[in-house]
Amino acid sequence: MSKMLTEQPHRRYNILTGEWILVSPHRTKRPWQGKTEKSATDQRPQYDPNCYLCPTNTRANGEVNPDYKSTFSFINDFGAIVMDGEQTEYNEGLFKAISEQGICKVICFSPDHSLTLPLMSVDGITNVVKLWKREYAELGAMEAINHVQIFENKGDIMGCSNPHPHGQIWAQSSIPEEPRKKTATQLAYFQNHGRSLLGDYLKQELEAKERIVAENEDFVALVPFWAIWPYEAMIIPRKHYSNIGQLSASEERSFAAIIKALTIKFDNLFEVSFPYSGGIHQAPTDGKEHPEWHFHMSFYPPLLRSATVKKFMVGYEMFGNPQRDITAEMAAKSLRELSEVHYSQS
Ligand SMILES: [Zn+2]
């Protein structure tokens with residue numbers, strides 16, 4: 001590998017967003033005097049009478065959750081976007097605004113309050129994948145919905161207030177900023193080459209072998225070349241699928257298996273329930289064909305050196321662009337070498 005990439009300050013280009021990140025590998029040689037202690041492992045009950053996501057419990061709006069046995073979804077009682085409200089624009093000189101409508105849903109991954117994705121069975125995670133597919137299809141088919149964002153905020157460090165295994169879906173009429181950038185870069189590449197940008201990228205990564213974390217028949221998990229967060233990772237399907245609706249039954253299971261493998265490695269890194277924001281980027285549901293899109297799932301974990309040391313996006317990163325010390329290759333190597341058996345079960 002180029003000496004620049006391992007020893008010298010350099011900038012790396014994100015082919016999906018068209019943005020740059022500063023990498024400073026030489027700084028990993030400086031002494032570290034911060035805290036490195038482990039945090040206490042939290043033992044949770046399988047059912048919490050005070051949890052608004054557990055089966056049979058009553059939510060704040062008075063509705064009662066069914067006694068669900070695998071997954072369960074409902075419209076968020078306090079959604080950031082809602083369906084009613086008229087469509088209006090506000091243009092007053094340089095003041096510009098436009099109304100937005102949409103639906104926010106909560107997706108319970110399991111009735112078991114004590115679980116997380118890495119602790120769930122592959123069958124259990126496959127049920128989550130099936131629900132994601134159903135929601136993407138149903139919400140995406142709605143006239144007013146042009147984009148469906150599936151995501152999970154895991155851990156209180158990420159601002160997630162409830163430990164019950166769950167994610168969210170925000171479906172809305174406009175295409176948000178991150179997928180808008182990714183649509184433009186993938187479309188430009190597809191028009192120039194007639195192939196998937198991420199497909200070609202994956203091919204180059206599989207040849208380089210430096211940033212691969214885990215793979216199976218249908219998916220590859222890797223630390224992207226342009227990763228911002230210390231242990232950022234991405235799951236890419238080997239096939240050029242624009243959305244999760246195209247997954248076959250066996251591919252749903254492979255997707256679940258690689259999600260489990262990657263999140264176990266995350267937990268094993270610092271022997272803690274690893275916090276992250278994870279989400280799926282896929283083709284907009286605006287009624288157009290999107291042959292340029294290659295769906296993928298990204299994980300943005302904030303932890304840096306231990307269960308308690310978090311990376312902050314401050315200073316230069318607010319004024320310039322993101323910066324990291326530990327390289328994507330070093331992070332991938334650490335994750336790759338970890339066991340695929342969860343530390344609590346080994
Ligand atoms: Zn619960």
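Biologist: In which sense do E7 and strand E12 pair, and over how many bridges?

Modeller: Happy to start there, with the reminder that this is a predicted model. Strand E12 covers residues 276-281, and Ile280 in E12 is the bridge partner of Ile150. The two strands, E7 and E12, pair in the antiparallel sense over five bridges.

Biologist: Which residue in E8 stands opposite Gln149?

Modeller: Strand E8 spans residues 166-172. E7 pairs with E8 in the antiparallel sense, over five bridges. Across that pairing, the residue opposite Gln149 is Trp170.

Biologist: How many residues of strand E7 are buried?

Modeller: Strand E7 runs over residues 147-154 and is mostly covered. Of its eight residues, the number buried is six.

Biologist: What is the bridge partner of Gly278 in E13?

Modeller: Let's step across from E12. Strand E13, residues 296-300, is joined to E12 by five bridges, and the two run antiparallel. In E13, the partner of Gly278 is Phe299.

Biologist: Which strands stand at the edges of the sheet of nine strands?

Modeller: This open sheet has the order E3-E6-E8-E7-E12-E13-E11-E10-E9, with antiparallel pairing. Its neighbouring strands are turned by 20° against each other on average, direction ignored. Two strands each have a single partner strand, so one side of each is left without a neighbour in the sheet. Those edge strands are E3 (72-75) and E9 (212-215).

Biologist: Is Ile169 buried or exposed?

Modeller: Ile169 is found in strand E8. Leaving aside neighbours within four places in sequence, its contacts include Ile103, Ile107, Leu139 and Val148. Because its relative accessible area is 0%, under the 20% cut-off, Ile169 is buried.

Biologist: What distance separates the C-alpha atoms of Ile169 and Ile75?

Modeller: Along the chain, Ile169 and Ile75 are 94 residues apart. In space, their C-alpha atoms are separated by 9.2 Å.

Biologist: Which residue in E2 is the bridge partner of Arg11?

Modeller: Here we turn to another sheet. This open sheet of three strands has the order E1-E2-E14, with mixed pairing. E1 and strand E2 (residues 19-23) pair in the antiparallel sense over five bridges. In E2, the partner of Arg11 is Leu22.

Biologist: How many disulfides does the structure hold?

Modeller: A disulfide needs two cysteine sulfur atoms within 2.5 Å. For Cys108, the nearest cysteine sulfur is that of Cys51, 7.5 Å away. For Cys160, the nearest is also that of Cys51, at 10 Å. Neither Cys108 nor Cys160 is in a disulfide, and the number in the structure is zero.

Biologist: Why does Cys160 count as buried?

Modeller: Buried means under 20% relative accessible area. Cys108 counts as buried at 0%. Cys160 counts as buried because its relative accessibility is 15%.

Biologist: What is the angle between helix H5 and helix H7?

Modeller: Helix H5 covers residues 249-270 and helix H7 covers residues 328-337. Their axes are 9 Å apart. The two helices count as roughly perpendicular because angles of 65 to 115 degrees fall in that class, and H5 and H7 pack at about 100°.

Biologist: Which residues of H7 make the contact with H5?

Modeller: By class, the contact has three nonpolar, one polar and three charged residues. H5 contributes Lys265, Phe266 and Leu269. From H7 come Ser334, Leu335, Arg336 and Glu337.

Notes. Residues are numbered from 1 along each chain as its sequence is written. This is a predicted model: local features need pLDDT of at least 70, side-chain atom pairs count only at pLDDT 80 or more; totals for chains, interfaces and linings use all residues. Side-chain values use heavy atoms; hydrogens and water are left out. Buried means under 20% relative accessible area, exposed over 50%, partly exposed in between (1.4 Å probe, protein chains only). Helices (H or I, at least four residues) and strands (E, at least two) are DSSP runs, numbered from the N terminus. Two strands pair if DSSP finds at least two bridges between them. Axes are lines fitted to C-alpha atoms, for helices over the stretch in contact, and angles run from 0 to 180 degrees between N-to-C directions. Angles under 35 degrees count as roughly parallel, over 145 as roughly antiparallel, 65 to 115 as roughly perpendicular and the rest as oblique. Contact means heavy atoms within 4.5 Å. Ala, Val, Leu, Ile, Met, Phe, Trp, Tyr, Cys and Pro count as nonpolar, Asp, Glu, Lys and Arg as charged, and the others, Gly among them, as polar.
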